[in-house]
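This report describes a protein model together with its bound ligands. The sequence and the structure are shown first, and the description follows.

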Amino acid sequence: MMNSKQETIVQNTLPLVAENLSKIIDKFYQILLDENPALKNVFNSTNQKTGLQSKSLANAIAVFAMNYNNLNAIQDMIRQIAHKHCSVGVTAEQYTIVGTTLLAAIDNILGDIVTEEIRDAWAAFYWTFADILIKTERELYLNTPTLNKNQFKSFKIVNKIAEAINVFSLYLKPEDGCLYDFKPGQYVSLKVKLGEYEQIRQYSLSDIQNQEYIRITIKREENYDSDSMAVSNYIYDNLAVGDTLDISAPYGTFVLNPSPSNITFISAGVGITPVMSMLKTLMHNQGKQKVNFIYLAENSEHHVFKQELKSIQGLNLNKFIYYRSPLVNDVINQDYNYVNFDFNDLQKYASQDMEYYVCASDSIVNKINATLTSLGIDKNKIHDEIFQPDGWIIN
Ligand SMILES: Cc1cc2nc3c(=O)[nH]c(=O)nc-3n(C[C@H](O)[C@H](O)[C@H](O)COP(=O)(O)OP(=O)(O)OC[C@H]3O[C@@H](n4cnc5c(N)ncnc54)[C@H](O)[C@@H]3O)c2cc1C
Ligand code: HEM
């Protein structure tokens, strides 16, 4: 914990650190991965190259610095980071390496300005944040079933089927016979060895909880770096029924609120995966609430779970399928309902008694959030997932 003198030092030096934060974080990752190459097995190399992980960490630090005296305001961010950490197997011991490296990066970028007193104050700041995450992660690990020491276990692929162009599902059974319980909307991490290092990626569980298998549904990346194979392509090209994959326990905070309020699901492309699990769960539980299901796709060839969606009955459900460019043979009100989604259409679905669950690309999710809040929807009723590290824009 920081003492009051350290708090004052952190607040006084915050503008300087904030101004240089992206340089500090880039230096941090450079030192961390150079000095601890084994961590290349844990960090997503694409998020390193694109800078998305650096941005997410820098923004999380800035948000924490502005809110550590009001932790309630940042509970969602803390839980989300902790869930991601547990899904990749972060340990309490690794916080020491990360803390030492972060301070080394601050020293490196800010130079002589960093006196011993300033360094100690930022070390105390780091450990305030770290202790909260470690405690949250310890509780999460205690509540997950026993895995091997790296928090992964082996699953066998029992089915692999095409769902749409470039999208396929894997049905997976644990080799030890023990399936985990999960909440609809959660994801698992999976690990594959690509070249010298392992790579971890997250995939949402796309089916309802059952006693037989878990299902994940993957979109293959078409354009990927030539020097590093995309995990989705690796799995598509190289793994078949009978092969195994190392998979984490389920994690994630984008989950169906158990309250029986009316619901609007909005998803696009492969973003349908977590909401499909939510929708099937509602059907299974014979939910009585009103459910709107809005889905955006290019056309019928890219419409993920097209047939499965048709089989969902028995709910007070309205489906609104939008195609951006329908094919000549796509039939309106059979394959889809509308051409091209206009964000102003959200007016039709905006209602104070609705909870919203949104999963799509960063830009679509941001526009939906902005439109819904401008229509007076309480932010606490909008839940979203993007398939990349969060940017933590907290208003
Ligand atoms: C919580 C969560 C849930 C998810 N659920 C799903 C799901 O259900 N289904 C699903 O398909 N995906 C899901 N994802 C996304 C998934 O984890 C992977 O990110 C995705 O499959 C891409 O990984 P990849 O290794 O195949 O491609 P990557 O190699 O990671 O490439 C991803 C993208 O980055 C681009 N890229 C690569 N290198 C560079 C570079 N140097 N500069 C700029 N751009 C670059 C690539 O062109 C590509 O478009 C989820 C992600 C999260 C965080
Ligand atoms: C106070 C200390 C830490 C903070 C503030 C922090 C913050 C974050 C944030 C903001 C994310 C992105 C979450 C998201 O995907 O939305 C993240 C992911 C991650 N963190 Fe941490 N972290 C800390 C410590 C650690 C430690 C000790 C490790 C251990 C090596 C670690 C490893 C990872 C990994 C592997 C990811 C996923 C990276 C990716 O998918 O690109 N973090 N962390």
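Of the 24 residues around ligand 2, which come nearest? In this predicted model, the nearest are Asn 47, Gln 53, Lys 84, His 85 and Asp 390.

## Surroundings of ligand 2

For three of these residues, a polar side-chain atom can be paired with an oxygen atom of ligand 2, as tabulated below.

| Residue | Partner | Distance from polar side-chain atom |
|---|---|---|
| Asn 47 | oxygen atom of ligand 2 | 2.9 Å |
| Gln 53 | oxygen atom of ligand 2 | 3.5 Å |
| Lys 84 | oxygen atom of ligand 2 | 2.4 Å |

By residue class, the shell around ligand 2 comprises 16 nonpolar, six polar and two charged residues. Four helices each supply at least two residues of this shell: H4 (52-67), H5 (75-88), H6 (94-110) and H7 (116-142).

## The antiparallel sheet

Helix H5 also has a place against a sheet. It lies across strands S1 (152-164), S3, S4 and S6 (244-248), and runs at about 40° to S3. The sheet in question is open and consists of six strands in the order S4-S3-S6-S1-S2-S5, with antiparallel pairing. Strands S4 (197-204) and S5 (214-219) stand at its edges; each has a single partner strand, so one side of each is left without a neighbour in the sheet. From one strand to the next, the twist averages 40°.

The individual pairings can be followed across the sheet. At one edge, S3 (residues 187-194) runs antiparallel to S4, and eight bridges join the two strands. Within this pair, Gln 199 in S4 is the bridge partner of Val 192. S1 and S2 are likewise antiparallel, with eight bridges between them, and Lys 160 stands opposite Leu 170 in S2. These two strands form a hairpin with two residues between them, and Asn 166 in the turn has a positive phi of about 65°.

Strand S2 (residues 167-174) is mostly covered, as seven of its eight residues are buried. On to the edge strand S5, S2 pairs in the antiparallel sense over six bridges. Here Leu 172 has Ile 214 in S5 as its bridge partner.

## The parallel sheet

A further open sheet, also of six strands, shows parallel pairing and the order S10-S9-S8-S7-S11-S12. Its edges are taken by S10 (338-339) and S12 (382-385); each of these has a single partner strand, so one side of each is left without a neighbour in the sheet. Within the sheet, S8 and S9 (residues 316-323) pair in the parallel sense over eight bridges, and Val 291 stands opposite Leu 317 in S9. Helix H9 packs on this sheet, where it touches S7 (262-268), S8, S9 and S11 (354-359), and its direction makes about 150° with that of S7. Another helix, H12 (residues 362-374), lies across S7, S11 and S12 and runs at about 175° to S12.

## Two residues of this region

Leu 296 belongs to strand S8 (residues 290-297). Why does Leu 296 count as buried? Its relative accessibility is 13%, and the residue is therefore classed as buried, the cut-off being under 20%. Beyond residues up to four places away in sequence, Leu 296 touches Ser 267, Ala 268, Gly 269, Tyr 322 and Phe 341. The C-alpha atom of Leu 296 is separated by 14 Å from that of Met 276, which lies 20 residues apart from it along the chain.

Ser 277 is located in helix H9 (residues 272-284). With a relative accessible area of 0%, Ser 277 is buried. A polar atom of the Ser 277 side chain lies 3.0 Å from the backbone oxygen of Asp 207. Asp 207 also appears among the contacts of Ser 277, which, leaving aside neighbours within four places in sequence, are Phe 182, Pro 184, Gly 185, Leu 205, Ser 206, Asp 207 and Ile 208.

Technical notes:
Residues numbered from 1 in each chain as written. Chains lettered and ligands numbered in written order. Predicted model: local features only at pLDDT ≥ 70, side-chain atom pairs only at ≥ 80, totals over all residues. Heavy atoms only, no water. Pairing = 2+ DSSP bridges. Axes fitted to C-alpha atoms, helices over the stretch in contact; angles between N-to-C directions. Contact = heavy atoms within 4.5 Å. Near = heavy atom within 4 Å. Polar contact = N/O pair within 3.5 Å; in protein donor to acceptor, adjacent residues only side chain to side chain. Nonpolar A, V, L, I, M, F, W, Y, C, P; charged D, E, K, R; others polar. Buried < 20%, exposed > 50% of the residue type's maximum accessible area, 1.4 Å probe, protein only.
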